[in-house]
There are 2 protein chains.
Amino acid sequence: MAARSTLSKEPNAAGRPVSMADLARELGVSMTTISRALSDHHSIGPATKQAVRQLAKKLNYQPNHLAAALRKGKSTLIGVIVPYIEGRFFASVVHGIETAARKAGYSVIICQSGEDVANERRNLETLLSAQVAGILISVSINTTDFKHFEKVRRHGVPLVFFDRLPEGDNVNAVVLNDREGACQATRHLLEQGCRRVAHFAGAQHLNIYKNRRQGYLDALQSYGIAPDESLIKNCSMTLESGTACMAELLALPNPPDAVFSAGDTAILGALQLLKNRGIRVPQDVALAGFSNEALTLVAEPNLTSVDQRTEEMGQAAFRLFSDLLTAEGAAFSQRQVVLQPQLFVRASSLRHGSVPA
Amino acid sequence: MAARSTLSKEPNAAGRPVSMADLARELGVSMTTISRALSDHHSIGPATKQAVRQLAKKLNYQPNHLAAALRKGKSTLIGVIVPYIEGRFFASVVHGIETAARKAGYSVIICQSGEDVANERRNLETLLSAQVAGILISVSINTTDFKHFEKVRRHGVPLVFFDRLPEGDNVNAVVLNDREGACQATRHLLEQGCRRVAHFAGAQHLNIYKNRRQGYLDALQSYGIAPDESLIKNCSMTLESGTACMAELLALPNPPDAVFSAGDTAILGALQLLKNRGIRVPQDVALAGFSNEALTLVAEPNLTSVDQRTEEMGQAAFRLFSDLLTAEGAAFSQRQVVLQPQLFVRASSLRHGSVPA
DNA sequence: TTGTATGCGTTATCAA
DNA sequence: TTGATAACGCATACAA
């Protein structure tokens, strides 16, 4: 057995992954030199750097992030908790987060709460155990107690909420201006000549639905129209729920001439019912939804909807995390990023003029 | 300052996370005992176990997965690489993977290749650096060179492909029986009395599209119908592409009376064109797609489609990984799990009888 | 500019 | 049944 190295230990005899120690032995330098060369430290000569890098490539050296993270006390992992990953909204936000994170050298661990606060708590523990550098979360629908977020603060891990957040504004968050979006959509319906505009309202303990309802009321007020409680339906935002709400509205002595729904799926349910009953959309009843889901372009007529800037939301959430990292006392800061919604006007609400391309 | 402990070092004076050493000091036992008590080792007395657990809870001890993983050489992280996370298919598979993984105590790191093999390579490096216990991947559309997967094998990290896989069957994979699904869909169209069934074919270097095309041909053959190349269109599976392909088919001297598309979005494009031209669906042209996307239930008429068992695919992929972990020589095994597709018949293809509920 | 030595928090080996 | 000690791979304080 011819020893290539003059040192006592064989350089990585087994199939074990090659470490910095292996590189050091092979080159006859110290681990410090290797470490610094690879991280482009200024105190290493260009020649040495070159040599180290070449050998690293040749031996197929892969840095062990785990070890680095353990040593530094922080990993390059960030945790993301969403109610569920299916459906356009969260998938798209996660896409935005992941893209931004990867550019900055972070990887994303994804967790689903399944709309259950118990899972949400477990997810948080998992992420903290994984020593993530930060946590980005959209809370589950039944999260009304927020004690579990305190623990994250105590660990000093930056916490960013997006879209859905706990009550009270003392958190870091990226949200859409839901109120403004809802107001725009409702005003648009009013501009089309509608005067009895109904609203499908979502669960009011969630900030997003509360704000959409408020935006709806804002628009009415700006037109001097008193809100009619019989035109505001509590809706679970499913297709069936939308159909049921529409049926109730049609049964009123004085039915609406437009509906603004806090979600797209529900407004699709309404559309289907109207078509079944031979009621014309938008001539008899104009429709507008919220989220700009893919289905808005499949339904006939195409559905007017408020876009939630999902990609931007993801990117902004990561950026906020990133800012918190470098900021002082970040664990107790409370920055809010508010994105501006965009109304897409389509045939379901357009009584005059042509449909925009 | 009253010292609670008789040992020299203060137990976790600073706000630093509490470690096993802290627990050991506090209880006056060794770290070994703590470690074993927490992992429920048989050699620890029930009383000691109880005491350790209580203290751990009281002091809010969080295990450091990083350290454990470093020591054990394997983490409880698994990496998943998909072309993109948006869209029902991959989001749903990821959902299945994440759910199965979490039950087994694993967390999921998600990476997107953006349909680019260069990113795919980078993703693999990242995951290997993170010391993941396994990698689950659906290759990007331009992956034709498979050398980068060799490295994963050399690291001894189990590798599972799902849906899209490299050419050659020498890999671990979970796939849908695309050929069977396509055959079922086409046979269904033939059973409805259609005799000139066209096909929108996807990129033929991908196993999934090649197999769907083959299934289409199988069905024709079983009916003794010779394939007509003019009825097979290369399609990129976008809406526009579907519209364009349909237009070309209608321009034929002898146009088709049915279309089976390897994707749902393209068949929607076809549907829209047919409706614009006043051609009846399914009476004049019957339509069937593949993937059972949400849009199949929004389009009018509802679209017949082949369901890909996305959740099961995710679960099966994780299970396969899990099996490989315990198996011998897993790095070089090549197990294949094949899921059976399910055809959902809807109005777009149903010429006789009523639409199923 | 480079090297030495130590510790991050855990698990495993050995001895008691 | 328990304890002392040595790794895992990397980054840094300090010394040269």
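Trainee: Of the atoms of DNA strand C within 4 Å of the protein, what percentage belongs to sugar or phosphate?

Mentor: The model is predicted: local features need pLDDT of at least 70, side-chain atom pairs count only at pLDDT 80 or more, and totals for chains, interfaces and linings use all residues. Residues are numbered from 1 along each chain as its sequence is written, chains are lettered from A and ligands numbered from 1 in the order in which they are written, and side-chain values use heavy atoms, with hydrogens and water left out. Sugar or phosphate accounts for 56% of those atoms of DNA strand C, and bases for the rest.

Trainee: Which residues come nearest to DNA strand C?

Mentor: A residue is near a strand if one of its heavy atoms lies within 4 Å of it. Of the 24 residues around DNA strand C, the nearest are Thr32(A), Thr33(A), Arg71(A), Tyr61(B) and Arg71(B).

Trainee: Which polar backbone atoms lie by a phosphate oxygen of DNA strand C?

Mentor: A polar contact to the DNA is a pair of N or O atoms within 3.5 Å. A polar backbone atom of Gly45(A) is 3.0 Å from a phosphate oxygen, and one of Met20(B) is 2.7 Å from a phosphate oxygen. Ala67(B) instead has a polar backbone atom 3.4 Å from a base nitrogen.

Trainee: How is chain B laid on chain A?

Mentor: Two copies of a chain are related by a rotation about an axis and a shift along it. Here, superposed by least squares on the C-alpha atoms of residues with pLDDT of at least 70 in both, chain B fits chain A with an RMSD of 0.1 Å after a turn of 180 degrees and a shift of 0.0 Å along the axis. That is the relation of a two-fold axis. Ile109(B) is the residue of chain B closest to the rotation axis, at 2.2 Å (C-alpha).

Methods: A polar contact is a pair of N or O atoms within 3.5 Å; within protein, one must be able to donate a hydrogen and the other to accept it, and residues adjacent in sequence count only if both atoms are side-chain atoms.
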